[in-house]
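I opened a fresh notebook page for this structure. Here is what I looked up, entry by entry.

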Amino acid sequence: MNKKISVTDIMIVLLSVILAAGIPFFFHACGAKEDGTFMNCHSAQQVIFGLACVMMIISFAHLGAGSAKMKTGISIALIPLEIYTALIPETVIKMCMMADMRCQAVMKPATIIICILMLIVTISDIVYQKKRGNINDEKADV
Amino acid sequence: MTKRLMFKNIVKRSGRSLALMILSAFLSFSVFGGYIAITSMQNGLNSLESRLGADIIAVPDKAAHDIEAILIQGTPGYFYMDKSNMEKIKQIEGVEAVSPQYFLASLSAGCCSVPVQVIGFEPETDFSIQPWIKESYGANLGTDELLAGANINTDVGENLKFYNHICKVVGKLEKTGTELDNAVYTNGSTVKALMSAAKETGVGVLEKNDPEKLISSVLIKVKDGYDIDSISDNINIHIRHVTAVRTQNMIEGLSQSLMGISGMTKVLMAAVWILSLVIMAIAFSMIINERKREFAVLRVIGASRRTLAVTVLSEAAVIGLAGGLTGVIAGFLILFPFEGVLTDKFGMPYLAPNISNIISAALIAVISSVIAGSLTSAFSAARISRIDTGLILREGN
């Protein structure tokens, strides 16, 4: 098994951990209302957290995977998750009414930026793994 | 050869290249971020000044702070005075035009738990809000129709409920970068209907009064040639239970804050630049010392002095370019998506500059980072072009 940890492996893990740990603690949605109930954005936070945990598990699997083909497959599986997670705040679940509320000012941009960065890194990883796979194939042929 | 050698050096010594790139990124980020932040605050302040529109705002006694809280700090609120005060103000010499405004703060609207400021105006007399509204909404507002400020997350055609009274959003206003973006705007008849609805739900101040006879403030335009301060004093002396506030005075505090923030940002930028330039110059000097033998060997195999100097300079320029781009990208990722957080932290109106200014700032930041990289390595490049090949190679033995 040709196991090699690349920068993209580490970046994918790092970004998914930042999203999973950041959503409940650092860039969470608005707090509870005075009557103790929550607004829509709280549901969005829960969904993003769930998806971020799934992405984190997948990214660790990506880190542990040996062959370039396996890594490519895992990266391809991550792409729809990243796109969907980026769409959750506002497009899938409507956020609160005012632009200066926490869900709009912090959670939404943080989620979108991390997902876009993950998407860029994942696509770079697919390109890199394809190259790596080709080199390995050439070596095997020799 | 120079190109290949330069790229190989950068890639092979990735740790060192990364450290220098991070320093360059700091340089370009400070230029780009500093410019965007200061310009945005200046734009916000200009926008606030033009949106206030009037020379003087007359409000009920003890509401001078409340009007600032509503218009400048964005704290929703309401206060009322008798409509007859507007007629009295109109009679004062030097007053060119007057227009009433009505303020009402909702308890909640839709899903949102925060109160929304409702601002009502009389289309027949208004000279403050309508010029701004016309930029994004051409028609006149009908009954139970309202326009949402840019920060209100609602779409045209949606209904908003205030005090169990449903109003239709017929347009969204252009962003002003001020707290006025957090309000909804409607005409006098709709706001009076909302005030009546609020009265029914038991809003204290409205309980004993007829909404038809109340206004919140009077916007005053002063005739040319008259002293605004004198007219403001006249209103304060002659009209009881009314306080006249000069809009210019309301903005003055913000102008001083802007000057303070702007000065602090410039000092920080200068500190970042001086530190980074010194560190980069030392780093390049150390790198050249470390690579003396490599350059001597290159000289022996035929590389000219100029080639060596160009190699060093272009390495620094490429690192500066990569760092500059990184700094600008980081600036884009922080300054624009998190605009709401920055506005909150600075406590100032904040309106991002237009796209051409943003692109120019990004280009200047990247170019200055490349120039800084090249300049800090220039001394080392000049030194390396004068190396005594024989002496250096002998030193190694």
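Before the first entry, I noted a term: two strands pair if DSSP finds at least two bridges between them. I also wrote down that this is a predicted model.

**Entry: a strand pair.** I looked at strand β3 (residues 95-105) of chain B and found six bridges joining it to strand β10 (residues 217-222) of chain B. The two run antiparallel. Within β10(B), I saw that B:S217 stands opposite B:Q101.

**Entry: the whole sheet.** I then traced the sheet in chain B: it is open, has nine strands with mixed pairing, and follows the order β6-β7-β5-β8-β4-β3-β10-β1-β11. Which strands stand at the edges? They are β6 (159-162) and β11 (242-246) of chain B; each has a single partner strand, so one side of each is left without a neighbour in the sheet. On average, neighbouring strands are turned by 35 degrees against each other, direction ignored. I found helix α4 (residues 84-91) of chain B packing on this sheet, where it touches β1 (56-60), β3, β10 and β11 of chain B. The direction of α4 makes about 155 degrees with that of β3(B).

**Entry: two helices.** Next I checked helix α2 (residues 14-52) and helix α11 (residues 305-335), both of chain B, which pack at an angle of about 45 degrees with their axes 6 Å apart. α2(B) and α11(B) are therefore oblique to each other, and their crossing is right-handed. Their contact has 15 nonpolar, 10 polar and no charged residues.

**Entry: where the chains meet.** How many residues does each chain bring to the contact? I noted 15 residues from chain A and 18 residues from chain B. On the side of chain B, helix α12 (residues 339-346) gives the most, with four residues. That side has nine nonpolar, eight polar and one charged residues.

Conventions
Residues are numbered from 1 along each chain as its sequence is written. Chains are lettered from A and ligands numbered from 1 in the order in which they are written. This is a predicted model: local features need pLDDT of at least 70, side-chain atom pairs count only at pLDDT 80 or more; totals for chains, interfaces and linings use all residues. Two residues are in contact if their C-beta atoms, placed from the backbone, lie within 7 Å. Ala, Val, Leu, Ile, Met, Phe, Trp, Tyr, Cys and Pro count as nonpolar, Asp, Glu, Lys and Arg as charged, and the others, Gly among them, as polar. Axes are lines fitted to C-alpha atoms, for helices over the stretch in contact, and angles run from 0 to 180 degrees between N-to-C directions. Angles under 35 degrees count as roughly parallel, over 145 as roughly antiparallel, 65 to 115 as roughly perpendicular and the rest as oblique. A crossing is left-handed if the near helix is turned anticlockwise from the far one by less than a right angle, and right-handed if clockwise.
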